[in-house]
Amino acid sequence: MIKSIEKQRNFIDFTLSSLWRRKGKNLALVMVYTLVVFSLASVMFFTQALKNEASLILEGAPEIIVQKLVAGRHDLIPLAYVQRLKAIRGVEDVKGRHWGYYFDPIGRATYTIMTTGAMSLNDNEIAVGAGISRVRQVFRGNTLLLRTFDGRPTSFLIKGVLSPESELLSSDLILMSATGFSRLFGVSPEVATDLAVTVLNKKEIPTIAAKIVDKNPDTRAITRNEIIRTYDAVFDWRGGIMIAILAGAVLAFLIFAWDKAAGLSAEEKREIGILKAIGWETADVLQMKFWEGMIVSLSSFLLGVILAYFHIFYGSATLFAPVLKGWATLYPDFRLTPFISGYQLAILFCFTVLPYTVATILPSWRAATIDPDVIMRT
Amino acid sequence: MIELKHIRKVFNEGLPNEYIAIHDLSLDIAAHQVTVLKGPSGSGKTTLLSLLGCMARPTAGRIMLAGREITSLPERFLTHIRRQTFGFIFQQYNLLKGISVIENVMLPAYPLGEPFSPLKQQAVKLLELFNLAHKAAAKVEWLSGGEAQRVAIARALVNHPAVIIADEPTAHLDTRLSREFMDIMGDFKAQGKTILIASHDPMVHESEVADRVVQMRDGRIIDAGVS
Amino acid sequence: MTLRKSDVFLLLTVSGMVLLAAILLQAHIVARGDLPFVRQEAEVVKNLGLTDLCLSTEARYTRHLSQADWHAAFQSHPMALDHFPSGSILGPPETLKTPHD
């Protein structure tokens with residue numbers, strides 16, 4: 001046992017000396033490799049953490065959202081539907097939601113305006129999300145000018161700024177009273193944007209959603225599960241585009257590594273011949289080659305993953321955020337809860353360390369089986 | 001010590017470029033002696049050396065080492081025996097470029113997994129023997145021809161072999177260094193080692209250190225040189 | 001006693017692995033510590049009746065990713081999401097950001 005440990009240490013010694021002979025090239029290799037691992041790991045950590053966070057937070061979302069469709073598009077829903085839905089067995093309660101979009105030319109961003117029963121707001125009071133506060137530099141006590149549907153600028157008093165902890169959800173929100181909402185958008189009090197349905201038995205949600213749509217063919221029902229699954233899919237998919245691009249880079253890199261190893265130069269073949277001649281067995285040569293691959297790939301893996309962790313969870317993912325979050329002018333400032341699983345790391349390991357190590361050993365196999373006396377004959 | 005019985009070595013057997021290096025050769029090498037294989041290039045000296053040193057297998061015939069037959073041993077055992085018994089000094093020295101002198105010397109012992117410190121000390125002692133200890137950390141490509149050969153000799157000794165095999169050792173050396181080489185071989189003989197040298201250099205086969213000269217031509221022994 | 005090269009490598013590698021293990025552990029601990037905040041956010045979701053995170057305010061589906069229309073210009077399938085890929089890499093040119101110029 002001790003002997004085989006000593007043996008491996010010897011091989012590592014030799015491999016390090018051997019790699020150091022071309023230290024410029026090998027250091028560059030490690031750097032590129034680390035960069036590839038760093039990119040892959042960053043994407044993975046980020047998307048998985050967001051996915052995890054979304055599914056935890058959105059557990060509180062309404063069980064079923066019912067929207068009216070007119071000519072295939074989402075339209076305002078008359079409150080008359082409330083009674084109709086309440087009549088369905090299993091439905092506990094139906095409440096109208098009032099929300100809409102407002103494009104602010106000054107902030108050049110789209111805000112979401114909602115009414116809420118959770119805060120008491122006068123007709124001209126609002127609460128704004130932290131992102132809006134940042135973009136427009138407005139705070140509690142300031143006024144915000146909004147243009148109503150018929151072009152009249154109306155002033156609203158900011159009663160408060162929503163908490164920074166909830167930015168991921170509320171950064172772009174303006175909360176106002178129902179009257180304020182009506183005045184701003186010119187919508188009648190008889191309609192809501194959509195309806196939020198609560199259900200007695202959670203297991204019944206899909207059945208009830210089906211019943212709703214069945215009885216009201218001009219609506220569509222979105223269940224909480226579908227919402228959470230959408231986010232799961234989005235973060236996987238968005239990560240996927242990045243990973244597709246990076247996979248291309250990884251593949252190119254592997255092809256390069258294979259090419260470098262496969263075209264075992266005459267010099268390298270000769271050296272293996274010498275090792276065989278001075279008493280190394282085929283297995284010894286292959287173990288040494290294994291270390292050659294492992295030293296480069298393991299170091300790059302560890303470095304890349306550790307850097308990626310700090311980059312995403314402590315460095316606000318500065319390098320990737322714009323790409324992965326995409327499509328937002330007003331972007332929430334939030335701290336991501338770290339979420340790494342051994343599973344993720346194992347996948348990363350299989351995609352990076354294994355292929356490279358194999359790409360280093362396999363091409364040397366043939367040369368390693370060379371007869372020891374060949375070096376004497378040449 | 002080493003007995004070859006009716007050895008035949010053919011390269012590329014059955015192929016168009018088939019080449020018979022050694023025809024039906026029998027030879028007994030005595031221990032604690034310096035045996036020189038003499039002959040022109042193509043006479044089969046190098047092939048014979050590789051057979052004697054268990055680096056190659058004969059196409060036909062048997063090889064006995066210290067009374068034990070080794071012809072049909074599997075590669076692993078053969079390599080194991082070879083490592084412990086033989087030290088090779090190649091014609092081209094075959095040191096690894098870019099690697100330090102001392103690491104080159106220690107290389108044959110790496111797969112054995114012996115503790116590192118004693119191995120390093122042993123390597124340093126060997127270098128001291130050849131006045132090269134001060135160059136232990138130098139890269140081999142910076143050495144002169146004579147120094148490189150001495151490193152090659154040191155490397156051949158690192159596993160304490162009983163037999164030293166040298167292939168055309170004086171090919172790249174001047175007269176003085178050639179004489180020095182034979183003196184070193186003489187010292188090893190005095191220590192009880194067995195020496196086998198292949199050379200067509202008269203400085204070698206006419207040296208008083210040589211106990212026996214075997215003449216070869218065209219893959220056959222033409223003079224067994226038994227005294 | 002001078003360190004062999006392999007000792008240095010093994011030392012560094014083992015430290016790296018220990019660091020990685022520490023990171024995994026720390027991530028786990030921090031995540032646990034964050035749970036109250038996450039629950040708070042779930043409360044906000046419940047109180048306000050929200051259905052989405054606000055990650056895409058300028059997308060075609062604005063901030064309601066989960067309620068996107070079933071049809072859109074850059075969709076492969078009515079049930080799929082918009083995905084014109086350059087949207088996430090390139091922003092629109094400045095001239096498009098100010099309307100009616």
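Begin by selecting A:I126 in this predicted model; this residue stands opposite A:I158, which belongs to β9(A). Next, extend the selection to strand β7 (residues 125-128) of chain A and strand β9 (residues 153-161) of chain A. These two strands run parallel and are joined by 4 bridges.

**The sheet of chain A**

Widen the view to the whole sheet. It is an open sheet of 6 strands in chain A, in the order β5-β6-β10-β7-β9-β8, and its pairing is mixed. Which strands lie at the edges? They are β5 (99-104) and β8 (143-147) of chain A, each of which pairs on one side only. On average, neighbouring strands of this sheet are turned by 35 degrees against each other, with direction ignored.

Now add helix α6 (residues 178-185) of chain A, which lies across β5, β6 (109-115), β8, β9 and β10 (173-176) of chain A. Relative to β6(A), this helix runs at about 135 degrees.

**Two helix pairs of chain A**

Select helix α1 (residues 2-20) and helix α10 (residues 282-313), both of chain A; their axes are 9 Å apart and they pack at an angle of about 60 degrees. This angle makes α1(A) oblique to α10(A). The crossing of α1(A) past α10(A) is right-handed. To display the contact, show A:F11, A:I12, A:F14, A:T15, A:L16 and A:L19 on α1(A), together with A:Q287, A:M288, A:W291, A:E292 and A:I295 on α10(A). By class, this contact of α1(A) with α10(A) comprises 8 nonpolar, 2 polar and 1 charged residues.

Proceed to helix α2 (residues 23-57) and helix α12 (residues 342-368) of chain A, whose axes lie 11 Å apart and which pack at an angle of about 155 degrees. How are the two helices oriented to each other? Angles over 145 degrees count as roughly antiparallel, and α2(A) and α12(A) are therefore roughly antiparallel to each other. Here too, α2(A) passes α12(A) in a right-handed crossing. On α2(A), select A:V37, A:L40, A:A41, A:M44 and A:Q48; on α12(A), their partners in the contact are A:Q344, A:L348 and A:T352. The residues of this contact of α2(A) with α12(A) divide into 5 nonpolar, 3 polar and no charged.

**Where chain C meets chain A**

Finally, display chain C beside chain A. Their contact takes 60 residues from chain A and 49 residues from chain C. On the side of chain C that touches chain A, α1 (5-48) and α2 (86-89) of chain C each supply at least two residues. The most comes from α1(C), with 25 residues. Coloured by class, this side of chain C shows 24 nonpolar, 15 polar and 10 charged residues.

Definitions and conventions. Residues are numbered from 1 along each chain as its sequence is written. Chains are lettered from A and ligands numbered from 1 in the order in which they are written. This is a predicted model: local features need pLDDT of at least 70, side-chain atom pairs count only at pLDDT 80 or more; totals for chains, interfaces and linings use all residues. Two residues are in contact if their C-beta atoms, placed from the backbone, lie within 7 Å. Ala, Val, Leu, Ile, Met, Phe, Trp, Tyr, Cys and Pro count as nonpolar, Asp, Glu, Lys and Arg as charged, and the others, Gly among them, as polar. Axes are lines fitted to C-alpha atoms, for helices over the stretch in contact, and angles run from 0 to 180 degrees between N-to-C directions. Angles under 35 degrees count as roughly parallel, over 145 as roughly antiparallel, 65 to 115 as roughly perpendicular and the rest as oblique. A crossing is left-handed if the near helix is turned anticlockwise from the far one by less than a right angle, and right-handed if clockwise. Two strands pair if DSSP finds at least two bridges between them.
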